[in-house]
Number of protein chains: 2
Amino acid sequence: MSNHDPDLSLLFHALADPTRRAMLTRLAAGPAQVTELAGPTGLRLPTVMRHLAVLADAGLVSTAKDGRVRTCALNPQALAPIRGWLDEQRAIWEARLDRMDSYVLALMKDRKE
Amino acid sequence: MSNHDPDLSLLFHALADPTRRAMLTRLAAGPAQVTELAGPTGLRLPTVMRHLAVLADAGLVSTAKDGRVRTCALNPQALAPIRGWLDEQRAIWEARLDRMDSYVLALMKDRKE
DNA sequence: GTCATGGTTAGACATTTGGCTAAGTGTTGC
DNA sequence: GCAACACTTAGCCAAATGTCTAACCATGAC
């Protein structure tokens, strides 16, 4: 079970904020510099930088500075653990449904006898 | 774009905590009462109740009280919006890759001429 | 009726979060 | 050189989070 995975907590926490999700969506369309990223949010630069730090911490974006401009890019494979967790949960859930199915089948069989 | 969706924020926030994820995993295997849910976490009941409230708020679990025991059950379809958002992001990302592809193809064509 | 059980409410507390301003630092353009 | 630009750092603040204890219902078993 991967519930104590700090990765997952960082990822989910990073995604729990609309501003950060908007930044990711913007970056999915291609790299951008910080000011460009800040524009649509209406937030001040330091605030945006902190969101950016959260995203970077979760491994969702990587940034590099060239001259005075920092360019940010999405790391799409960083979302993989989330899909993984979702699939895990679904597997458990479906295993349970299967168990219930066979239980019900057994009950019906019993009734026929 | 569904980034301002409060649902998503609630969902991601609910999933950002290992304790809550563990509770969900437990519930994926079948319903449980609160004390049962609290057991493995080592946390006090009021704390667990608050986690439960967060999960319920996100629509991830539903609970009902019968006599003095409250039974909690998973709401697996509540995870759907997350898959949806993930797919959305991937679509944007892939559209971008496609654009890059055709750009490169165009470049190569130009060079041949 | 009384006592244990299972949950609930209320409040306290330290930490984290999300926002800000103000004052830097390093680059680039003229 | 110097001004504008693109961050960066430091520090403030209110609100939210995750935990706890202590006291309070309500139900079920005797």
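**Two chains, two DNA strands**

User: What makes the approach of A:R44 to DNA strand C a polar contact?
Analyst: In this predicted model, a backbone N or O atom of A:R44 sits 3.2 Å from a phosphate oxygen of DNA strand C. The cut-off for a pair of N or O atoms is 3.5 Å, so the pair counts as a polar contact.

User: What about B:V34 and its distance from a phosphate oxygen of DNA strand C?
Analyst: A backbone N or O atom of B:V34 is 3.4 Å from that kind of oxygen. That value is within 3.5 Å, so this pair also counts.

User: Which part of DNA strand C does the side chain of A:R50 reach?
Analyst: A base oxygen. An N or O atom in the A:R50 side chain is 2.7 Å away from it. The limit is 3.5 Å, so this is a polar contact to a base.

User: How many residues surround DNA strand C, and which are the closest?
Analyst: There are 22, and the closest are A:H51, B:T35, B:M49, B:R68 and B:R70. On the DNA side, sugar and phosphate make up 66% of the strand C atoms that come within 4 Å of the protein. The protein surface there divides into nine charged, seven nonpolar and six polar residues. At least two residues each come from α4 of chain A and from α3 (34–38), α4 and β3 (69–74) of chain B.

User: Which residues are closest to DNA strand D?
Analyst: A:T35, A:M49, A:R70, B:R50 and B:H51, out of 21 that surround the strand. Sugar and phosphate account for 68% of the strand D atoms within 4 Å of the protein. Eight charged, seven nonpolar and six polar residues form this surface. α4(B) gives the most, with four residues.

User: What makes A:R70, B:H51 and B:R20 polar contacts of a phosphate oxygen of DNA strand D?
Analyst: Take the distances from a side-chain N or O atom to a phosphate oxygen. For A:R70 the value is 2.6 Å. For B:H51 it is 2.3 Å. A polar side-chain atom of B:R20 lies 3.1 Å away. The test is 3.5 Å, so each of these pairs passes.

User: Why is helix α2 of chain B called mostly covered?
Analyst: Eight of its 11 residues, within 18–28, are buried. Buried means under 20% relative accessible area, counting protein chains only. B:R20 is on the buried list, along with B:T19, B:R21, B:M23, B:L24, B:T25, B:L27 and B:A28.

User: What makes B:D17 a cap of α2(B)?
Analyst: One of its side-chain oxygens lies 2.7 Å from the backbone nitrogen of B:T19, at the N-terminal end of the helix. Just after α2(B), B:G30 has a positive phi of about 140 degrees.

User: How do you know that β1(B) and β3(B) pair?
Analyst: Two bridges join them, and they run antiparallel. Pairing needs at least two bridges, so the condition is met. One bridge links B:Q33 to B:T71 of β3(B).

User: What makes β1 and β2 of chain B edge strands?
Analyst: The open antiparallel sheet has the order β1-β3-β2. β1 (32–33) and β2 (61–66) each pair on one side only.

User: Why is the relation of chain B to chain A called a two-fold axis?
Analyst: A turn of 180 degrees and a shift of 0.0 Å along the axis lay chain B on chain A, with an RMSD of 0.0 Å. That is what a two-fold axis does. The same surface serves both copies, and 100% of the contact residues of chain B recur in chain A.

User: Which residue of chain B comes closest to the rotation axis?
Analyst: B:F12, whose C-alpha is 2.6 Å from the axis.

Definitions and conventions
Residues are numbered from 1 along each chain as its sequence is written. Chains are lettered from A and ligands numbered from 1 in the order in which they are written. This is a predicted model: local features need pLDDT of at least 70, side-chain atom pairs count only at pLDDT 80 or more; totals for chains, interfaces and linings use all residues. Side-chain values use heavy atoms; hydrogens and water are left out. A residue is near a molecule or strand if one of its heavy atoms lies within 4 Å of it. A polar contact is a pair of N or O atoms within 3.5 Å; within protein, one must be able to donate a hydrogen and the other to accept it, and residues adjacent in sequence count only if both atoms are side-chain atoms. Ala, Val, Leu, Ile, Met, Phe, Trp, Tyr, Cys and Pro count as nonpolar, Asp, Glu, Lys and Arg as charged, and the others, Gly among them, as polar. Buried means under 20% relative accessible area, exposed over 50%, partly exposed in between (1.4 Å probe, protein chains only). Copies are superposed by least squares on the C-alpha atoms of residues with pLDDT of at least 70 in both. Contact means heavy atoms within 4.5 Å.
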